[in-house]
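Colleague: Hi! Could you walk me through this model before I head back to the bench?
Modeller: Happy to, here it is.

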Amino acid sequence: MVSEAFLRKKMELFKRMRKGTTLTKDLKKAIIDTYGPRGRKALDAIRRRRVTKRGDRWFVRGKSDEYEIVQTYCTCRDYVLNVVTEKVDVDMCYHALAKRICELLDAYYVGG
């Protein structure tokens, strides 16, 4: 189970993100402060246009594969080995975080 401190930071972070909001320096810093290296990787995936929405389905291209994200669930190893087993104090992998950020900001690459 993730810590109360993490949940408070996450709620505050997601409250700041609304459709049409830009990823300002302060918002990027808050994402990294909350999610650590996963936040940095999520921002990199967004910057590199690796978040794709096809119809109602979301995908994020990682280093070696493309992962489907359903709500905050991901098909990647990190999610299965670390997030689900609660080895880390976060609630999603960077793929799911990148998808969630794009979803909240209403900004993503529409793939064919």
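Colleague: Is Y73 buried, partly exposed or exposed?
Modeller: Y73 counts as partly exposed, at 47% relative accessibility. Buried means under 20% relative accessible area, exposed over 50%, and partly exposed in between, with a 1.4 Å probe and protein chains only. Keep in mind that this is a predicted model, where local features need pLDDT of at least 70, side-chain atom pairs count only at pLDDT 80 or more, and totals for chains, interfaces and linings use all residues. Residues are numbered from 1 along each chain as its sequence is written, and side-chain values use heavy atoms, with hydrogens and water left out.

Colleague: OK, and how many aromatic pairs are there?
Modeller: The structure holds two aromatic pairs. In one, the ring centres of F6 and Y35 are 5.2 Å apart and the planes are at 90 degrees, so the pair is edge-to-face. Rings of Phe, Tyr and Trp (its six-membered ring) pair if their centres lie within 6.5 Å; planes under 30 degrees apart count as stacked, over 60 as edge-to-face and the rest as tilted.

Colleague: Where do F6 and Y35 sit along the chain?
Modeller: F6 is in helix α1 (residues 4-16) and Y35 in helix α2, 29 residues apart, and the pair links distant parts of the chain. Helices (H or I, at least four residues) and strands (E, at least two) are DSSP runs, numbered from the N terminus. F6 is buried at 4% relative accessibility, and Y35 is buried at 2%.

Colleague: Which residues make up the edge-to-face pair at 6.1 Å?
Modeller: That pair is Y73 and Y79, 6.1 Å centre to centre with 90 degrees between the planes. Y79 is buried, with a relative accessible area of 9%.

Colleague: Back to Y35, what does it touch?
Modeller: Leaving out residues up to four places away in sequence, Y35 touches F6, K10, L13, F14, V90, D91, M92 and L97. Contact means heavy atoms within 4.5 Å.

Colleague: And T34, what does that one touch?
Modeller: With the same sequence neighbours left out, T34 touches F6, K9, K10 and L13. T34 lies in helix α2 (residues 25-35) and counts as buried at 11% relative accessibility. A polar atom of the T34 side chain lies 2.8 Å from the backbone oxygen of A30.

Colleague: Switching to α3, which residues are buried there?
Modeller: In helix α3 (residues 37-47) the buried ones are R38, G39, A42, L43, A45 and I46. Seen down the axis, the buried residues of α3 fall within an arc of 160 degrees, so they line one face of the helix. The arc is that of the directions from the helix axis to the C-beta atoms. The face turned away from that buried side carries the exposed residues P37, R40 and R47.

Colleague: What do the buried residues of α3 pack against?
Modeller: They pack against α2, β1 (51-54), β2 (57-61), α4 (77-83) and α5 (94-105).

Colleague: Where is R49, and what is its phi?
Modeller: R49 follows α3 and has a positive phi, near 60 degrees. R49 lies in the loop between α3 and β1 and is exposed, with a relative accessible area of 51%. Q71 is not a glycine either, and has a positive phi of about 55 degrees. Q71 is in the loop between β3 (66-70) and β4 (73-74) and counts as exposed at 56% relative accessibility.

Conventions
Polar contact = N/O pair within 3.5 Å; in protein donor to acceptor, adjacent residues only side chain to side chain.
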